[in-house]
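Open the model in your viewer and keep the sequence beside it. This tour tells you what to select at each stop and what is there.

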Amino acid sequence: MSMFRKFINRLAGFGSDTKGAATVEFVILAPILFTTVFSVFESGWLMTKYMMLDRGLDLAVREVRLGLDPTASETSIKAKVCEYALILRDCETSLMIEMTPIATVADIPTTATTCADRTGGTTPLASFATGARSQIMYVRACAVVDPIFPGMGIGLQLPKDASGGFALLATSVFVNEPE
């Protein structure tokens with residue numbers, strides 16, 4: 001019986017001891033705080049990448065729109081987007097550009113945007129045509145980027161492909177300038 005009484009006395013002493021109370025609070029609140037801070041960094045960095053992709057696409061198709069590059073191809077426009085969107089890492093292999101002429105509302109693509117396959121599988125095909133003078137063009141760009149913190153916060157919730165990347169999509173509509 002004395003052993004049981006000693007155990008009860010130790011438990012009572014443990015319950016009244018306040019040493020380590022701040023540690024318990026820290027252990028409970030630190031993951032929430034760190035997840036919030038990392039999510040803020042992640043969302044800010046993804047927004048910056050998106051803005052640079054959108055800017056790069058607008059600047060690259062400007063030359064097509066104005067007729068400055070009559071021999072424009074998917075490869076040349078992709079290279080220009082990557083040149084203007086400075087912060088996209090491995091841009092040439094993770095970027096797909098799709099350009100479609102639009103004559104009626106029914107011509108606007110309703111399919112999912114084609115994104116690059118970084119796993120080394122087949123390269124997906126995207127429609128690409130620079131269009132004629134005075135023609136409306138619809139452009140979509142998809143860049144696959146890696147989250148900074150893929151296992152925490154927003155990075156954990158993002159829809160990722162087989163390579164662990166997240167698709168950033170930019171779209172634009174323009175009219176090719178007349179002669």
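Select Phe-34. It counts as partly exposed because its relative accessibility is 41% (buried means under 20% relative accessible area, exposed over 50%, partly exposed in between, with a 1.4 Å probe and protein chains only). Add Phe-38, which is partly exposed at 27%. This is a predicted model, in which local features need pLDDT of at least 70, side-chain atom pairs count only at pLDDT 80 or more, and totals for chains, interfaces and linings use all residues. Residues are numbered from 1 along each chain as its sequence is written, and side-chain values use heavy atoms, with hydrogens and water left out.

**The rings**

Keep both phenylalanines on screen. Rings of Phe, Tyr and Trp (its six-membered ring) pair if their centres lie within 6.5 Å; planes under 30 degrees apart count as stacked, over 60 as edge-to-face and the rest as tilted. The count by this rule is 2 aromatic pairs. Phe-34 and Phe-38 make a stacked one, with 6.3 Å centre to centre and 20° between the planes. Now add Phe-149: with Phe-34 and Phe-38 it forms one aromatic cluster.

**The helix**

Select residues 21-65. This is helix α2, and it holds both Phe-34 and Phe-38, 4 residues apart, about one turn of the helix. Helices (H or I, at least four residues) and strands (E, at least two) are DSSP runs, numbered from the N terminus. An α-helix has 3.6 residues a turn, so residues three or four places apart point the same way.

How many residues does α2 have? It has 45, and reaches 66 Å from its first C-alpha to its last. That is close to the expected 66 Å (1.5 Å times one less than the number of residues).

Go to Leu-29. Here α2 has a kink of about 40°, shortly before the proline Pro-31. The bend at a residue is the angle between axes fitted to the seven residues ending there and the seven starting there. Just after α2, click Gly-67: its phi is positive, about 75°.

**The sheet**

Select β1, β2 and β3. These 3 strands form an open sheet in the order β1-β2-β3, with antiparallel pairing. β1 and β3 (166-175) each have a single partner strand, so one side of each is left without a neighbour in the sheet. Strands pair if DSSP finds at least two bridges between them.

Look at β2, residues 136-145: 8 bridges join it to β1, and 10 bridges pair it with β3. Of the 10 residues in β2, 9 are buried. Try some partners. Met-96 stands opposite Cys-142, Pro-101 has Met-137 as its bridge partner, and Val-139 stands opposite Ser-172 in β3.

Bring α2 back: it lies across β1, β2 and β3, at about 30° to β3 (axes are lines fitted to C-alpha atoms, for helices over the stretch in contact, and angles run from 0 to 180 degrees between N-to-C directions).

**Inside β1**

Select Met-99. Is this residue buried or exposed? Met-99 is buried, because its relative accessibility is 1%. It lies in β1, residues 95-102. Beyond its neighbours within four places in sequence, its contacts (heavy atoms within 4.5 Å) include Val-61, Ile-77, Phe-128 and Phe-174.

**Last stop**

Find Asp-90, in the loop between α3 (74-84) and α4 (91-94). Its phi is positive, about 55°, although it is not a glycine. Most residues other than glycine have a negative phi.
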